[in-house]
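Colleague: I have a chain open in front of me and would like to learn how to read it. Could we go through it feature by feature?

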Amino acid sequence: MDAPLIRPAPVQAPEDRAGPLSIYTFWWVYYAIRNANQRGQMLDEDFARLPGSDDANVLAEKFSNFWYRTRHKGTASAMVRGLFVHMQWKVVLYSL
């Protein structure tokens, strides 16, 4: 009998693990910058993975749902505000 396939746990983006204060102050970036400074250059592996909320499939699904619900309602500016609040509420919150 073959051994079952063991899949490694998915690597979580540092921003997903960070708390609100760390996100607000960009402290979650500190370790990547520190490592790059110690080496004297920034390498590809120093760049963090995108957070799960920025995954293209997730955003496309949210956009489609939002678009079909609101395409005949309100003005363009209301729609843009709604997009930011609905799709990227953390970005709006942390920018205040």
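**Reading the chain**

Modeller: Start with a single residue: Phe-26 sits in the loop between α2 and α3. Keep in mind throughout that this is a predicted model.

Colleague: What is the phi of Phe-26?

Modeller: The general idea is that most residues other than glycine have a negative phi. Phe-26 is not a glycine, yet its phi is positive, about 60°.

Colleague: Is Phe-26 buried or exposed?

Modeller: The general idea is to compare the relative accessible area with two cut-offs: under 20% is buried and over 50% is exposed. Phe-26 has 55% relative accessibility, so it counts as exposed.

Colleague: Which elements make up the chain as a whole?

Modeller: There are six helices and zero strands. Read from the N terminus, the order is α-α-α-α-α-α.

Colleague: Where is confidence lowest, and where is it highest?

Modeller: The general idea is that where pLDDT is low, the predicted coordinates should not be read in detail. In this chain the lowest confidence is in helix α6 (residues 89–94), with a mean of 67, and the highest is in α3, at 86. Over the chain the mean pLDDT is 75, and 75% of the residues reach 70 or more.

Colleague: What lies in helix α2, on one side of that loop?

Modeller: One residue to look at is Ser-22, which is in helix α2 (residues 20–25). Ser-22 has 18% relative accessibility, and since buried means under 20%, it counts as buried.

Colleague: Which residues does Ser-22 touch?

Modeller: Leaving out residues up to four places away in sequence, Ser-22 touches Trp-27 and Trp-28.

Colleague: How many aromatic pairs are there?

Modeller: The general idea is to look at the distance between ring centres and the angle between ring planes; under 30 degrees counts as stacked and over 60 as edge-to-face. By this rule there are two aromatic pairs. Trp-27 and Tyr-30 form a stacked pair, 4.7 Å centre to centre with 0° between the planes. Tyr-30 and Tyr-31 have ring centres 5.1 Å apart and planes at 75°, so this pair is edge-to-face. Ring pairs thus link Trp-27, Tyr-30 and Tyr-31 into a cluster.

Colleague: How exposed are the two tyrosines of that cluster, Tyr-30 and Tyr-31?

Modeller: Tyr-30 is partly exposed, with a relative accessible area of 34%. Tyr-31, which is in helix α3 (residues 30–39), is also partly exposed, at 46%.

Colleague: What kind of surface patch do Trp-27, Tyr-30 and Tyr-31 make?

Modeller: Together they make a nonpolar surface patch of about 350 Å². As for the chain, it exposes about 8,200 Å², and carbon and sulfur atoms supply 62% of that area. Of its 96 residues, 15% count as buried.

Colleague: How far apart are Lys-62 and Leu-83, in sequence and in space?

Modeller: The general idea is to set separation along the chain beside distance in space. Lys-62 and Leu-83 are 21 residues apart in sequence, and their C-alpha atoms are 9.1 Å apart. Lys-62 lies in helix α4 (residues 56–70) and is partly exposed, with a relative accessible area of 26%.

Colleague: What share of the contacts joins residues 24 or more positions apart?

Modeller: Among contacts with a separation of 6 or more, such residues account for 44%.

Technical notes
Residues numbered from 1 in each chain as written. Predicted model: local features only at pLDDT ≥ 70, side-chain atom pairs only at ≥ 80, totals over all residues. Heavy atoms only, no water. Patch = residues over 30% accessible without salt bridge, like charges linked within 9 Å, V, L, I, M, F, W, Y side chains within 5 Å. Areas by Shrake-Rupley, 256 points an atom, 1.4 Å probe, with all protein chains shown as cover. Salt bridge = Lys/Arg side-chain N within 4 Å of Asp/Glu carboxyl O. Helix = DSSP H or I, 4+ residues; strand = E, 2+ residues; numbered from the N terminus. Buried < 20%, exposed > 50% of the residue type's maximum accessible area, 1.4 Å probe, protein only. Contact = heavy atoms within 4.5 Å. pLDDT = per-residue confidence, 0-100. Phe/Tyr/Trp six-rings, centres within 6.5 Å; stacked < 30°, edge-to-face > 60°.
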